[in-house]
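Please open the structure in your viewer and keep the selection panel at hand, since this tour goes from one selection to the next and says what is there.

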Amino acid sequence: MTIDTETSTAAASGASATERFRADKSPYAAVKDTPKERVDVLAREVLGAVHATIRKHKVTYDEYNALKSWLIQVGEGGEWPLFLDVWVEHVVEEVATSHRQGSQGTIEGPYYVPNAPECGADGTIPMRPEEPGTPLAWEGTITSTDGTPLDNAKLEIWHCDDLGLYSQFSKGQPEWNLRGTFTVGPDGRFTVRTIKPQPYQIPTEGACGQLIEAAGWHAWRPAHIHVKVTAPAHELLTAQLYFPGDRHNDDDIASAVKPELMLAPEDRPDGSLGVAYDFILDPIQ
Ligand SMILES: [Fe+2]
């Protein structure tokens, strides 16, 4: 089959992430009762860290003005979700989930879309006929921390294709390609058939790419499968699962890899991969 290899520009990809985030009014509503004292201390300490960096490194007016231009460009390119999810979110996630007894999570990233098509407890994720990539069959269970299977728990999955591109954030893929929702029954078991995603670089054509270039960093994320796992009366688990041997497991641009999130796939005689990975959700206290 022919795959449209035209990649989205950073601006287009970033803008759609911004558009989606803007459509959601809940971020402000969720913090509307935050006391002024907390806003004051958070804002003051962030600014204090900036001031300390300027003093320590004797930041010049030329550098300050370049920063101003760059910040404007991040906004105009719609790259704030990309910037924040790549360089900030992993610490927010670490703080938010430090109390958990169940499965480890990691960052959501900018490419989640809710309400992916339902695939049942045992199903194949939506994909094109002859979707390029190594077939992957994944079996697992969703239980509570006491071992009880969680009837009706939902496993949402999204990942990139063999070219490292996400549906709805790049051209050439059907709307829900490689995005699906798996709902388990009373035994908590699921079977997912998909393909192994590839490593990819975050968009480098925009302001985030400019920073990466100027700082001599790289833009790579190791191959990963994104998941969200939900069940009544349990905390939402957002995670990404990784593959051993990926050259960017140790230097992920988004700092989102954890040892607990490493899969252990096995090669099957037919050239496909088989893997087992379970989820344990924490009850809401
Ligand atoms: Fe991703």
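Begin by selecting α1, which in this predicted model gives five residues to the lining of the largest pocket, the largest share of that lining. The pocket itself has a volume of about 1300 Å³, and among the 34 residues that line it, those closest to its centre are F21, D24, P27, D85 and E108, which you can show together as sticks. Next, colour the elements that give two or more residues to this lining, namely α1 (10–23), α2 (26–30), α5 (80–87), α6 (89–96) and β9 (237–242). If you then colour the lining by residue class, you should find 18 nonpolar, six polar and 10 charged residues around the largest pocket.

Now move to the second largest pocket, whose volume is about 490 Å³. To find its centre, select E63, A66, L67, W70 and L211, which are the closest to that point of the 16 residues in the lining. The elements to highlight here, each giving two or more residues to the lining of the second largest pocket, are α3 (36–57), α4 (61–76), α5 and α7 (207–215). Which element gives the most to the lining of the second largest pocket? Select α4, with its six residues in that lining, and you have the one that gives the most. Finally, apply the colouring by class once again, and the lining of the second largest pocket should show 13 nonpolar residues, two polar ones and one charged residue.

Before you leave, select α5 by itself, as this helix gives two or more residues to the lining of the largest pocket and also two or more to that of the second largest pocket.

Conventions. Residues are numbered from 1 along each chain as its sequence is written. This is a predicted model: local features need pLDDT of at least 70, side-chain atom pairs count only at pLDDT 80 or more; totals for chains, interfaces and linings use all residues. Side-chain values use heavy atoms; hydrogens and water are left out. On a 1 Å grid over the protein atoms alone, a cavity is a set of points where a 1.4 Å probe fits but cannot get out, and a pocket is an open set with protein on both sides within 12 Å along at least five of seven lines; lining residues have an atom within 4 Å of a point. Grid points are joined across faces, edges and corners, and a volume is the space filled by probe spheres set on the points. Helices (H or I, at least four residues) and strands (E, at least two) are DSSP runs, numbered from the N terminus. Ala, Val, Leu, Ile, Met, Phe, Trp, Tyr, Cys and Pro count as nonpolar, Asp, Glu, Lys and Arg as charged, and the others, Gly among them, as polar.
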